[in-house]
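Visitor: I'd like to understand how the strands in this protein fit together. Could you walk me through it?

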Amino acid sequence: GYVDDIHSSGKHLLNVINEILDLSRIEAGRHELREEAVNLVHVVDEARHMVQMKAKAKGINLTCQYEEELPLIWADERAIRQITLNLLSNALKFTPTGGNIWLKIGWTRSGGQYLAVKDTGPGIPEEEIPIVLSSFGQGSIAIKSAEQGSGLGLPIVQALMHMHDGRFDLKSKLREGTEAVASFP
């Protein structure tokens with residue numbers, strides 16, 4: 001089990017390094033998706049497993065709610081993994097000890113599928129949402145936080161969802177938490 005976790009963590013570190021390269025390629029129009037028939041639940045659950053130990057160590061309850069028997073979607077598996085890891089990493093970074101994170105997968109109203117990550121963190125002031133969605137943008141809470149990131153996670157999610165002809169929505173309320181929803185067509 002530990003070897004698998006070490007291997008998964010190493011892969012995650014490589015993905016973080018690749019984030020910077022990916023955003024550069026996406027912005028330059030040189031990133032190509034390798035789309036295939038993908039089981040969204042399977043890919044998302046693999047990514048959840050990679051961050052489960054960190055959630056447990058931080059005393060955060062990570063609850064999963066997956067719609068059963070969803071069909072395969074046409075998407076890039078690596079991109080879905082990166083989207084999931086970016087959203088879960090943000091939730092873990094800002095959710096305090098004893099907090100909750102919900103990971104949901106289900107149907108969209110239009111017949112697509114969605115992946116949602118909701119947390120009980122401090123939230124993002126409404127006027128700062130455009131800032132956190134911009135490259136290298138960080139909100140005031142992130143700047144004050146000890147666990148600062150690169151400010152690339154959400155812009156990469158947004159760009160990858162755009163490339164999938166999908167949608168990315170970020171909803172947040174101060175002192176209540178944040179919900180990030182990636183919807184695939």
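Visitor: What makes strand 4 and strand 5 a pair, and in which sense do they run?

Guide: First, a heads-up: this is a predicted model, where local features need pLDDT of at least 70, side-chain atom pairs count only at pLDDT 80 or more, and totals for chains, interfaces and linings use all residues. Residues are numbered from 1 along each chain as its sequence is written, and side-chain values use heavy atoms, with hydrogens and water left out. Now, two strands pair if DSSP finds at least two bridges between them. Strand 4 and strand 5 (residues 113-119) have seven bridges, so they pair, in the antiparallel sense. Two of the matches are Trp107 with Gln113 and Trp102 with Lys118.

Visitor: Why is strand 4 called a strand, and where does the number come from?

Guide: Strands are DSSP runs of E, at least two residues, and helices are runs of H or I, at least four, numbered from the N terminus. Strand 4 covers residues 100-107, so the label fits the definition.

Visitor: How do you know that strand 2 and strand 4 pair?

Guide: Strand 2 (residues 61-66) shares six bridges with strand 4, in the parallel sense. One of the partners is Ile105, matched with Tyr66.

Visitor: What is the strand order in the open sheet, and which strands are the edges?

Guide: The order is 2-4-5-7-6, with mixed pairing. Strand 2 and strand 6 (167-173) are the edge strands, as each pairs on one side only.
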